[in-house]
Structures are given as structure tokens and as C-alpha cells.
Amino acid sequence: MRETVVASPMLFRVASFDTPVVNLTVDGRSIQARRGESVLAAMLSHGGHVRRHEHGGAPRASFCLMGACQDCWVWIGAGERARACTTPVADGMEVSTSPTVHGG
Amino acid sequence: MARVVVIGAGPAGIAAAEVLSRASVEVAVIDEAPRAGGQYHRAPAPGLALDMRRLLGTGYAAYETFHNDAASVCSRVDYRPGTLAWGVHGGAVHLASRGAAKALGYDALVLATGATDRIMPVPGWTLPGVFTLGGAQALLKDQGCLIGRRVVVCGSSPLLYLAAVQYLRAGGEIAAVIDTTRFADKLRALPDMLAAPRVLRDGLHHMAALKRRGVRIIHGATIDAFEGEERVGAVVCTPPNRMPLRIACDAVAYGHGLRPETQLAELAGCALRFDAAQRTHVPETDLDGRAGQGVYVAGDGGTIGGGQAAAVSGRLAAAAALSDLGATTNDVDLEAGRRMLQRLRRFQRGLATAFRWPGERAGQLDDAVILCRCENVTMGEVRAAIALEDGAAEVNRIKAATRCGMGRCQGRFCGPGLAEVAAISAQHPGSERDRLRVQAPIKPLPIALAEDVVP
């Protein structure tokens, strides 16, 4: 199931990064972030969830935001798994929210 | 030279490392985060223009002192940020960092692993927009983001009021603070809370600040549900002797205090005991933090007490480790530290009364409520498994039967609720709770690493 992150942004940014812009894709959709942002912050600044649950498909947008609940695992590039809340964005990063879409 | 390994670079770990770094031992500090601070002193990501002085208010001085100390300590020891300690086995800590696995032997191990939010499941708690209370603060401090524009802060914890104040200072809107403990219980707890007058004063100050800003504070309410389809849109709660209220919001910060991260202590062979005041399992230690042969526990990973107590217990644990290794230190005022931690035990009784863990809620939740968010296991599935065991099932058996607690978080978030369901079914409302056993790795490892780490 191809699931794109399209919804109103979850997060409300109240302080900005004075770092270079990085370009990444989430399920093939281009988004911009700043160096220093977590993959999770970047995803939830552009959409309303991080993934669909593997049992039942309900949307999830992570929970603990500190690397404990493990509810924000995504795929980076050609199948490497990463926890979005503790992984910083990088230029050219290709994020997939389900294993079937990695690599485009 | 003997090697002491400290796990965690929050207030307890840095305080321990500070003492150790001035003794003739080799010191390694392992921290999963990229920057020292833990949750309590979490610092912004590099390049984030967040005014921490404004955000923390009177708490800024302690934050600044910590980070100055941490920078100095980390430059003097073998500091390894971005490194997960995923297991303890055979006198060594097992580490994973940037795709590489290593074992690090120790002569003494100081565990300063901190705590995470304690959660009682409630209908809708897995909806996007519902985050832990600690997470809501972490995201603000680390990433400069609020979890939403109009936030309900709820559960029962002194951090409810702190988080709400910080969100207001940062420019957010607080739709309401819903504290599930009655105000009368807060008054009842006052004598014990006076054991930590500074913490009490800060809490009252935050409540007053919220009232001045017109924030609605509801005491003693039951949280009925977080409502929404693709995202949370409201919290439904029932204040005492009133009709249910529906409070519109676009995000929820939720938590019932903290539960210690005891996984590494358990793997290191420390005994855990059920603490009746805190209603959770903690490593069995003496007052200095000795938890087993060569293993010491400090900070919230042992006993929930907040940042100041964590630093004191970190110094005591370091002094105990040095003394047991035959190295001496004159830097630590042991008696003053022990007196402070004893006062803290009294304060904790107060905290547990003023911010009650609502264990009985587990018995009232509908069968359809998700208990285990990793594996999507419902209350009904867990109750059915317990019924098959004639109503008295140990939680690790329930885990095996239902997969509740078997997912990636290893029961960190469903464990407390599961223990209550099991106790209610076994009709043991007042007694000790069961505990899910831990397994290494305590957090998921990348698959590429798995071949390197098989012991």
C-alpha cells in the first residue's frame, strides 16, 4: 500500500534553525527541512502522521519523541531502518513510511 | 587502572562522571543522545534559535551550570555520545554506535538511565496528535516545535504544570490542564511535599502562572477518551460529580508521572523490588546506590526524584564505586547526600498522593481499547487470555499468549497498564504488581549489526 504523507502539519514551529536547507523526500514527495532537524520533526512539519500501523493500517504519529516507544521507525534509502525521532535529516535522504515503497 | 563505565549523560550520569574523573580510574560515559543533558537538561539541536533562558525561567541557572560542568567533564573522560548500551553481559556493556557493535568491559558500572513517561491506556491514545508529556517538552527543547497549536495537557504529574507553562512561554495555546488527581489529595500530600520545599514552591508558582493566563485547570477528572479520526480533535473528561466535558484541541500531552528505565539494571543482575509508594518496580539498592556486584544505580533510573536528587545520587554512586574499588575520594559529602535522599523518600510519598497513578482505570476500560500500541493488542484480548488462566495470570504468561508487551518498546508503555489489568483480574487491588521481564537488546538494533553482536 503506497501511503503518502498528505495532511495538515502536526507540529507548530516556534523557533527556527539558522542552518542550511536540506532537501529530502518522504514516499517520493519532496520536502525541505533544515540541518539539525530530526526526520520526525521534518515529517510532522509537512504532514499529520509518520506511518500506518502494520496491523490494521491506523495512522501513527509517534508518541514518546525520545527514542523509547519505537513507534516512529521508517525506512531510509534502500531498506535501512531508522527511528525518525532520533535520526537527523540529511540532504538527498529518501524516507519511506512502509517497506514496499523504498527506493521509489 | 580500573575502568568505571557510566551509562547516561543526564544530571545523574554527569554528576557521577564528575566525581570519577577526579579519581585515579579510567572513566567512560556512554549516552544514546548526541548531546549531554538527558531529558531534564535537554539542549536544543545545533543551530536552533531557541531562547532557553526565556523558556526555562528560574530553571535556567541550573541548566546553564549543568551544561558548563558537562562540557568540562566530557572533555576529561572517554565520552561516547550517540551510543546505545543495549545489553550487559559477562562483565561488559554491549554498545552499538553508527552501525558498529562493541563490548566495553567494566570494573564498576554506574547506571544513570533515567525515566520515561508512565501511561495508563485510554480510548484514542494511539491517535496522531497524542504524545507523552515528556515528549512534548523534549520536542520543544530539542527541535523548537510544539506538538500542536491548541494543546490539552493531561494525566497526573507535577510536569503537567511545568509543560503547560513552557508551552505558553513558547507561544502555544493551552486548551486545558486536566489533572486526574483531586485537589483534596494535593492538600493531603502537603506535609510530605514540604520535604522538598523548592520543588513544591515551583509547582505552586506554575499553577498560579497558568491561572493568571486564564488557563482552565480541572482537578480530579477521569479522562474518558481522546477523540478524532486521523488526528486527535478533543479530550473528553468527567470532573468529579459533573457531566462529561468535551474540550477541543489539536494535540494532547499525556502522562502519569515517570517510570524508571530499569532494563540494564535487570540485565546486569540487579534485584528489582516493587515500590509501594511509587507503584512501580525499582532496582534494589542501598542509600548510596549499590545495586549488585560492581553495579550502581543513580538518578531517576533508580528512584524517581527529579534533576537535583539525581545529581546527588550520582555523586553518591560514584563515591560508592570508588570506595569499593579501593580508590578514595574526599569530594563527596556522603552524609549530606544521604540525608537529602532520605528527605526525598518522604517527598516521593507526597508526590504519589498528590499525583496518583490511577491503576483502577485499567478495570474500567472498554474491551476495544488498545493496551499494547506496538502489537495493537486490546484490553479484551488480554482479559480473554487471563480468563483462560482462571483469572489469575502472571504478566509474562499473558505476554506469551497475546503478544502484549512483546513489541519493539518491550512493554515500556503497556507494562504498567498490563500489570494493573492482571492484578484487577486476580483481585489483588492493593498488593504488589507483576513485571514484564526484559531481554537484550533493550532497544531495536539495525539488522546489519545483528551478526556482530551475537554473544
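How many residue pairs are in polar contact across the interface of chain B and chain A? The rule finds 22 such pairs, both residues at pLDDT 80 or more; a polar contact is a pair of N or O atoms within 3.5 Å, where within protein one must be able to donate a hydrogen and the other to accept it, and residues adjacent in sequence count only if both atoms are side-chain atoms. This is a predicted model, in which local features need pLDDT of at least 70, side-chain atom pairs count only at pLDDT 80 or more, and totals for chains, interfaces and linings use all residues. Residues are numbered from 1 along each chain as its sequence is written, chains are lettered from A and ligands numbered from 1 in the order in which they are written, and side-chain values use heavy atoms, with hydrogens and water left out.

**Extent of the interface**
- In contact (heavy atoms within 4.5 Å) are 48 residues of chain B and 41 residues of chain A.
- The two chains bury about 3,600 Å² between them, 57% of it on carbon and sulfur atoms; buried area is the accessible area (1.4 Å probe) that two parts lose on being put together, summed over both.
- On the chain B side, Phe131(B), Arg373(B) and Arg408(B) lose the most area to chain A, together 18% of what that side buries.

**Salt bridges**
- Four salt bridges are counted between chain B and chain A, each a side-chain nitrogen of Lys or Arg within 4 Å of a carboxyl oxygen of Asp or Glu.
- Arg52(A) forms a salt bridge with Glu230(B), with the closest N and O atoms 2.8 Å apart.
- Over all chains, the search finds 39 salt bridges.
- Arg52(A) lies in strand E4 of chain A and Glu230(B) in the loop between strands E14 and E15 of chain B, so the pair joins two chains.

**Secondary structure at the contact**
- Helices (H or I, at least four residues) and strands (E, at least two) are DSSP runs, numbered from the N terminus.
- Strand E1 (residues 12-13) of chain A pairs with E10(B) in the antiparallel sense over two bridges; pairing requires that DSSP finds at least two bridges between the strands.
- Within E10(B), Leu146(B) is the bridge partner of Phe12(A).

**Domains of chain B**
- The assignment, automatic or from a database, gives domain 1 (3-117 + 259-351), domain 2 (130-256) and domain 3 (359-425).
- The centres of domain 1 and domain 3 of chain B, taken over C-alpha atoms, are 31 Å apart.
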